[in-house]
2 protein chains.
Amino acid sequence: MAELHLLSPLGFRAAGVYGGIKSKQSPDIGLLLCESLVPAAALFTTNQVVAAPVKIGRKHALSGLLQGAVVNSGNANACTGSQGDKDALVMCELAAAVAGCKRDQILPASTGIIGHFLPMDKVQKGIKEAGKFLGNSQEHANLFADSILTTDTRRKVASAQFKANKQDVSVAGVCKGSGMIGPRLAPPSAKHATMLAYLTTDAQIAPPLLRKLLAEVTETSFHAVTIDHHTSTNDMVAIFASGASGVPIKGGKGLESFTGALREVCQSLAYQIASDGEGASKVVVITVRKAASQREAMNIARAIADSPLVKCAMNGNDPNWGRIISAAGYADAKFEAARAHLTLQGATVFSRGRPVEFERESLSAALTFHEVNVELTCNLGNHEAVCWTCDLSHEYITINADYHT
Amino acid sequence: MAELHLLSPLGFRAAGVYGGIKSKQSPDIGLLLCESLVPAAALFTTNQVVAAPVKIGRKHALSGLLQGAVVNSGNANACTGSQGDKDALVMCELAAAVAGCKRDQILPASTGIIGHFLPMDKVQKGIKEAGKFLGNSQEHANLFADSILTTDTRRKVASAQFKANKQDVSVAGVCKGSGMIGPRLAPPSAKHATMLAYLTTDAQIAPPLLRKLLAEVTETSFHAVTIDHHTSTNDMVAIFASGASGVPIKGGKGLESFTGALREVCQSLAYQIASDGEGASKVVVITVRKAASQREAMNIARAIADSPLVKCAMNGNDPNWGRIISAAGYADAKFEAARAHLTLQGATVFSRGRPVEFERESLSAALTFHEVNVELTCNLGNHEAVCWTCDLSHEYITINADYHT
């Protein structure tokens, strides 16, 4: 079987071109288009300071029907006042002209530096050029995936497929995100890093159900990844459902399969963000078990994942479990050290209020692996959450302090 | 006038000795004693995982009357189960024997690594030795101040004096804290880094008023400093009022002067913690003005102070104001970019939703100063808060990742 990609679901075309917005010569303008108006759903940052494309995108996503998306990297079009709003609308207009639809049927997005006006001459030229290079090959998918990257060191892609009524249904996605990652997203009617994720599927699914599933799956995927706890002004997750498989998703086994496929894609993308976090040398998977509630399980996992001290210890391959237990203790959640049990890479280091002897050297060696597993059992209930993060390294400081904006 | 110090307020004696708990040969066991039982108040960490001395200290502080304090550095006696509780009580017993009081009239504290049992032979020998070297000179004050330090690079001392009824009243304090600093404190009856602060005064003041004033002043001092947002298991602030000045503090001008002196001492100590934060090259003073409420003003200031991206920009002398505005946007507080005004070292960089042109090179040069002032005006109300933090540097990573526990 050929490798699946963003354009494996039927009914999509995409392009990515270099418009000259990023200093690095790699694609920075992308188009993802459907053949007609299709069910779509999007979640946006809950930061109260929102970029112009988020303001515009919230409005355009409200109807639940979209024909495509336009995106640029290298400039966030955030904190740019009313000029920024106009520029985001012009992006939609230009994309709509390519797609043959109305401008409010296009979802705009931008990612990059905050507080600079978009170079609209380059943006205009880029979108027009992208329009000439649309296609549905793996290369087209790759160029679009690259067009959204900023400090990311690699492309992030995931896909899943299932059979319903003997018919293949595909779900796929690409995303970007490496720093300023602490996504808290919500539907456009309410409010919710810069993380951008684009999901495609050829399932037939109605907009309200699509939105509900996207919100549900986001909880245990994009909301479960944090690099620096800094929620961006531009975060967005969007899904487009072309319906081209001819398989309707409404309930029963089909719905279950679709939700599973969507979760698999979103969780893979979230994991890839953690793995490619700015300066990251490893992914840290934090599993909290037997917490008093779902919310509390996630709050504990997030508190551990966001502690600079825990992240530095991980960078140094240091089994400093005191930092983990103390972070759990200040989380907004019930936690009792006297009941808790903690393992690092499967080795118990703390149990029921007391330290447990362990082989320091071999555990430190195990912490050098690319994936580190932290498992904390609370023994207070029956709820579980998983959160992904990375270590905090000298390279993170170099990326964010030594290179000037 | 001679320099004031922790033992300038009349009625106190102290000592600090090296007992061999810290690897670095500097005092690690301290005693601070009054001549009799005196009004005292203490606030403790709100982390749900609390060190043994915090558990014991909460009980001992409840009566509002104490005769002194015993402290060790180099070992936090945290996550040490019931053995830890016993050890903390033994520390109190040994100090009480020196002071000539009961063990529950002594406030214990420990700071250092989590999850190791105290070397009680060294602790016992150290406390007995400290008992032989008590005194009230500046040298005694310095040795006590040094006995509480861990990764701190310098002693932290502050003092203030005022006249009431033509009589001098002194307030003084010492503290420690450099990493794992994000204090959230509360009275013993409720719950509230490792930050330790010891305050002395020779004012005559009743325990309930002393506790109320300590809690009030802590809000705008110790609660307004953050290094890494990691609330410790051992944080404590304690004040002892010997009454030896003979000046009663109850209300009116005297109360006002005392509160002012106490605030001056606590704010100076908090500032010194930020200035000596692990790896810090500068103090960042964040002032949020015209916020909708006091709580919201502080939430915005804390969100900015806790953002690794903001702290890295400060380390790099980078006027990257987008990180500041976006952090304000995700704070738990009302914030509208369209109304906000932001200055860095007095230079306006953002106003009412839009970037403001500034001299990048000269502002970057101004950001190299030891104190950086970030002033954000929200224009949503009339409330103000100040928060102190430091930059996030390569040295922070070195301290917390490269050196093993």
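Me: Which residues touch the most other members of the largest nonpolar core?
Reply: Keep in mind that this is a predicted model. Its largest nonpolar core holds 284 residues. Within that core, the residues touching the most other members are A:Ile300 and B:Ile300.

Me: And what does A:Ile300 touch, leaving out residues up to four places away in sequence?
Reply: A contact here takes C-beta atoms within 7 Å. With residues up to four places away in sequence set aside, the list for A:Ile300 is A:Val288, A:Ala291, A:Ala328, A:Ala331, A:Ala333, A:Phe335 and A:Leu376.

Me: What kind of axis relates chain B to chain A?
Reply: Chain B lands on chain A with an RMSD of 0.0 Å after a rotation of 180 degrees. The shift along the axis is 0.0 Å. That makes the relation one of a two-fold axis.

Me: Which residue of chain B comes closest to the rotation axis?
Reply: Go by the C-alpha atoms here. At 2.8 Å from the axis, the chain B residue that comes closest is B:His394.

Me: Why can we say that the copies meet through the same surface?
Reply: There are 49 residues of chain B in contact with 49 residues of chain A. The copies meet through the same surface because the interface residues of chain B are also interface residues in chain A, and the share is 100%.

Me: Which element supplies the largest share of the side of chain B that touches chain A?
Reply: On chain B, 49 residues are in contact with chain A. Helix H8 (308–315), helix H9 (321–330), strand E13 (354–355) and helix H11 (394–402) of chain B each give at least two residues to that side. The largest share is eight residues, and it comes from H9(B).

Me: How many residues on that side of chain B are charged?
Reply: The side of chain B that touches chain A has 22 nonpolar residues and 23 polar ones. The charged residues there number four.

Me: Which are the edge strands of the open sheet of six strands in chain A?
Reply: The order is E13-E12-E11-E14-E10-E15, with mixed pairing. An edge strand of this sheet pairs on one side only. In chain A that gives strand E13 (354–355) and strand E15 (383–390).

Me: Does E10(A) run parallel or antiparallel to E14(A)?
Reply: Seven bridges join strand E10 (residues 283–291) to strand E14 (residues 371–377) in chain A. Along this pair, A:Thr287 stands opposite A:Glu375. E10(A) also pairs with E15(A), in the antiparallel sense, but with E14(A) the direction is parallel.

Methods. Residues numbered from 1 in each chain as written. Chains lettered and ligands numbered in written order. Predicted model: local features only at pLDDT ≥ 70, side-chain atom pairs only at ≥ 80, totals over all residues. Core = buried A, V, L, I, M, F, W, Y, C linked by C-beta atoms within 7 Å. Buried ≥ 20, exposed ≤ 12 C-beta atoms within 10 Å, placed from the backbone. Contact = placed C-beta atoms within 7 Å. Least-squares fit on C-alpha atoms with pLDDT ≥ 70 in both. Helix = DSSP H or I, 4+ residues; strand = E, 2+ residues; numbered from the N terminus. Nonpolar A, V, L, I, M, F, W, Y, C, P; charged D, E, K, R; others polar. Pairing = 2+ DSSP bridges.
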